[in-house]
Amino acid sequence: MKKIGVLDTTFARVGMGAFAVDELKKTGTGFRIERSTVPGIKDLPVAAKKLIEERGCDIVIALGMPGAQEIDKVCAHEASSGLIQVQLLTNKHIIEVFVHEDEAKTVKELAWVAERRAREHAVNAYDLLFRPERLAANAGKGLRQGFEDVGPVD
Amino acid sequence: MKKIGVLDTTFARVGMGAFAVDELKKTGTGFRIERSTVPGIKDLPVAAKKLIEERGCDIVIALGMPGAQEIDKVCAHEASSGLIQVQLLTNKHIIEVFVHEDEAKTVKELAWVAERRAREHAVNAYDLLFRPERLAANAGKGLRQGFEDVGPVD
Amino acid sequence: MKKIGVLDTTFARVGMGAFAVDELKKTGTGFRIERSTVPGIKDLPVAAKKLIEERGCDIVIALGMPGAQEIDKVCAHEASSGLIQVQLLTNKHIIEVFVHEDEAKTVKELAWVAERRAREHAVNAYDLLFRPERLAANAGKGLRQGFEDVGPVD
Amino acid sequence: MKKIGVLDTTFARVGMGAFAVDELKKTGTGFRIERSTVPGIKDLPVAAKKLIEERGCDIVIALGMPGAQEIDKVCAHEASSGLIQVQLLTNKHIIEVFVHEDEAKTVKELAWVAERRAREHAVNAYDLLFRPERLAANAGKGLRQGFEDVGPVD
Amino acid sequence: MKKIGVLDTTFARVGMGAFAVDELKKTGTGFRIERSTVPGIKDLPVAAKKLIEERGCDIVIALGMPGAQEIDKVCAHEASSGLIQVQLLTNKHIIEVFVHEDEAKTVKELAWVAERRAREHAVNAYDLLFRPERLAANAGKGLRQGFEDVGPVD
């Protein structure tokens, strides 16, 4: 039985973790979910590492919602760099699901893109763990999570 | 008995560490506090690591007040990156509490936000250690430390 | 028998990995290819590390297509930093083949430069593994991958 | 007997290391000084690590003078990040003393601030090693090195 | 017998490695040179590490010529950060010799500064290995490699 960590924040304005959990359950079986919530995105890296090393997760979905200010962009960069380091220290994938507050024009759109990105990346995490051939079949296809796929060039 | 490190700087213009200590004592019991003060925010990472590895802290609250210049933003970024690295090296959370001098319009507001952020993050540190279910219950709720919570989107 | 990892993404709009594989086969023998596909460029570092450590690759070609937005530039920077860290952790070369969407004026040109860069860097990977003297002979020659070589100054 | 490393560069336009040594000698006893000079600030991180690991330093003062160009700012950032990494690898403090050429309006002021910052940070290094209670007493006091202290908010 | 690694790229438009080798031979004896060439500057970090760990170099001179575009500046930053990490992992100095294409107004000047910087930094590498007292004597002297020394402030 595999374990998938689902990790989110109290800073985010949408319950992205819950959407990821819901989508995982719709997508397949053969895994258990470990949930964790931290204050902000900078707390995600060590929390992801603890999910992997202390709670046995085989992959982690790390969800966050950086603000729209310049300082928030820097925080997101630090968090992302940390999440990559955790992956290199553990040899496990962490799917980062960040929705920047200024990606959407309205709060309604923000909620929509956050849910959709959380769900689509939950499937990516599932695929990395159970169906890598599905990713291979989509190499170079211009897929996006949240907004529409742009598709391949040709 | 758990140990909580409270780490601040002589560069900051507000005694943020003292506020964190005061709030921790109001919040609960079951822990001892280890205090440390360094010159500036770039000195925080190794000091946090020493609090964890040499003085046995289970979590650290690292408080600092980056200046308003561009160079100060770079220093804050370097300090934050270092604090994340320490967390990955020790598997312990470090709650970073930075208040940028240009976040506030007046020195009075600066003092107000510094105290409030220090206090609210002290509670976050306490929750990570003793009440993770409290964080879980607030996932996606748009919480902020210092200024008002923005709240969830829906 | 050496192993060359070829790693690409579903985010890219061109099947760069397939071009790299094709070029490798035209270039020489003495190697087997290990293929892997991940969602986006930030997933490349750990996937490259797994190709090296879990699937025995002696070198990896990591192909991706960062978008044209500012946030995409930051992602590319994070991915690149991660790929360098993997190299330092494994003492194996990873040839990064990134084509930024805004490098080309049309989608046709984008497809053209992506294919050409993938092919030319596939040869670089082959040379690093089997013919380092070919690189030595071209030191300081102003070589480029994709667009035209600029040539040496003198 | 403790050892304090004093590390500077040939790039700097002021002999900052000499000022740090002079100030250390005025400040107290109980330590020996290990001197080292490298070409530029990017050479400081490994030199600091060697002072700690190969020459037994308990703390290092790393002094440099980044230029005024954008590229110099990037170099300073890289050097600072490296100095933080060394601290995390060794659990020893390194006091970074950088004076940016564009901090001062005249070369006379540049010389003045470089000397003063070197001296004041030499005392900080001494305090970290021998008198941490002196730093604790100044937490949140708005201290600066070089230019005037800004003081606490209240 | 010491070993000095000389590492350059096929991307550079000037054969900087050859100038470094020539200058080393003019400067002194007691060392052997190990040569290596990689495609671009991002390939330098692991190549430098391999020169040190697999070919026994005591110091490495890493030469490259970043382009003039914004993306090239980012690549240079990533390469520099990687080179610093290698130094921290090996406790060996790596002298980075980068000439940015936009440092010079003409290709003639570009060739001139590239040769001169390569030669002057070759001497720095030699000094770090054999004559550290020569660097110590020049602390704070405002030395530059390539363009003219700016000299000390006083």
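Select B:Arg116 to start: at 25% relative accessibility, this residue counts as partly exposed. Since you have a predicted model open, take every value on this tour as computed from predicted coordinates.

**Stop 1: around B:Arg116**

Show chain B as a cartoon and you will find B:Arg116 in helix 4, which covers residues 107-130. Now display whatever surrounds the arginine. Setting aside sequence neighbours within four places, B:Arg116 is in contact with B:Gly146, B:Phe147 and B:Glu148. Where does the side chain of B:Arg116 reach a backbone oxygen? Look at B:Gly146, whose backbone oxygen is 2.7 Å from the arginine side chain. For a sense of scale, draw a distance from B:Arg116 to B:Asp43: the two are 73 residues apart along the chain, and their C-alpha atoms are separated by 23 Å.

**Stop 2: where chain D meets chain B**

Stay with chain B and bring in chain D. This contact takes 30 residues from chain D and 34 residues from chain B. The area buried between them is about 2400 Å², with carbon and sulfur atoms giving 60% of that area. Select D:Leu88, D:Asn91 and D:Val153 next, as these supply 29% of the area that chain D buries against chain B, more than any other three residues.

Then pick out the charged pair B:Glu101 and D:Arg144. Their side chains meet in a salt bridge, with 3.4 Å from N to O. Two salt bridges are found across the interface of chain D and chain B, and the count of residue pairs in polar contact there is 17.

Colour chain D by secondary structure to see which elements take part. Those giving two or more residues to the side that touches chain B are helix 3 (70-90), strand 4 (94-98), helix 4 (107-130) and helix 5 (132-137) of chain D. Helix 3 of chain D gives the most, with eight residues. Colouring by class instead, you will find 13 nonpolar, 13 polar and four charged residues on this side of chain D.

**Stop 3: where chain C meets chain E**

Hide chains B and D, and show chains C and E. Here 30 residues of chain C are in contact with 34 residues of chain E. About 2400 Å² is buried between chain C and chain E, and 60% of it comes from carbon and sulfur atoms. The trio to select is C:Leu88, C:Asn91 and C:Val153: more than any other three residues, they account for the area chain C buries against chain E, supplying 29% of it.

For the salt bridge, zoom in on C:Arg144 and E:Glu101, whose side chains come together at 3.4 Å, N to O. Chain C and chain E have two salt bridges between them, along with 17 residue pairs in polar contact. If you want a single element to highlight, choose helix 3 of chain C, which gives the most to the side that touches chain E, with eight residues.

Next, superpose the two chains. Chain C can be laid on chain E with an RMSD of 0.0 Å by a turn of 72° and a shift of 0.0 Å along the axis. The two copies are thus related as by a five-fold rotation axis. Do the copies meet through matching or different surfaces? Through different ones, because only 7% of the interface residues of chain C are also interface residues in chain E.

**Stop 4: pairs that do not touch**

Bring chain D back beside chain C. These two chains do not touch, and their nearest C-alpha atoms are 13 Å apart. Swap chain C for chain A and you will again find no contact, as the closest C-alpha atoms of chain A and chain D lie 13 Å apart.

**Stop 5: two buried threonines**

Select A:Thr37, in strand 2 (residues 31-38) of chain A. Is A:Thr37 buried or exposed? With a relative accessible area of 7%, A:Thr37 is buried. Its side chain makes a polar contact of 2.9 Å with the side chain of A:Asp8. Beyond its sequence neighbours, the contacts of A:Thr37 include A:Thr9 and A:Thr10, and also B:Leu135, B:Ala136 and B:Ala139 from chain B.

Finish at C:Thr10, in the loop between strand 1 (2-9) and helix 1 (16-27) of chain C. C:Thr10 is buried too, with a relative accessible area of 1%. Show what surrounds C:Thr10 and you will see residues of chain A, among them A:Leu135, A:Asn138 and A:Lys141, as well as C:Thr37, C:Val38 and C:Pro39.

Terms used:
Residues are numbered from 1 along each chain as its sequence is written. Chains are lettered from A and ligands numbered from 1 in the order in which they are written. This is a predicted model: local features need pLDDT of at least 70, side-chain atom pairs count only at pLDDT 80 or more; totals for chains, interfaces and linings use all residues. Side-chain values use heavy atoms; hydrogens and water are left out. Contact means heavy atoms within 4.5 Å. Buried area is the accessible area (1.4 Å probe) that two parts lose on being put together, summed over both. A salt bridge is a side-chain nitrogen of Lys or Arg within 4 Å of a carboxyl oxygen of Asp or Glu. A polar contact is a pair of N or O atoms within 3.5 Å; within protein, one must be able to donate a hydrogen and the other to accept it, and residues adjacent in sequence count only if both atoms are side-chain atoms. Helices (H or I, at least four residues) and strands (E, at least two) are DSSP runs, numbered from the N terminus. Copies are superposed by least squares on the C-alpha atoms of residues with pLDDT of at least 70 in both. Ala, Val, Leu, Ile, Met, Phe, Trp, Tyr, Cys and Pro count as nonpolar, Asp, Glu, Lys and Arg as charged, and the others, Gly among them, as polar. Buried means under 20% relative accessible area, exposed over 50%, partly exposed in between (1.4 Å probe, protein chains only).
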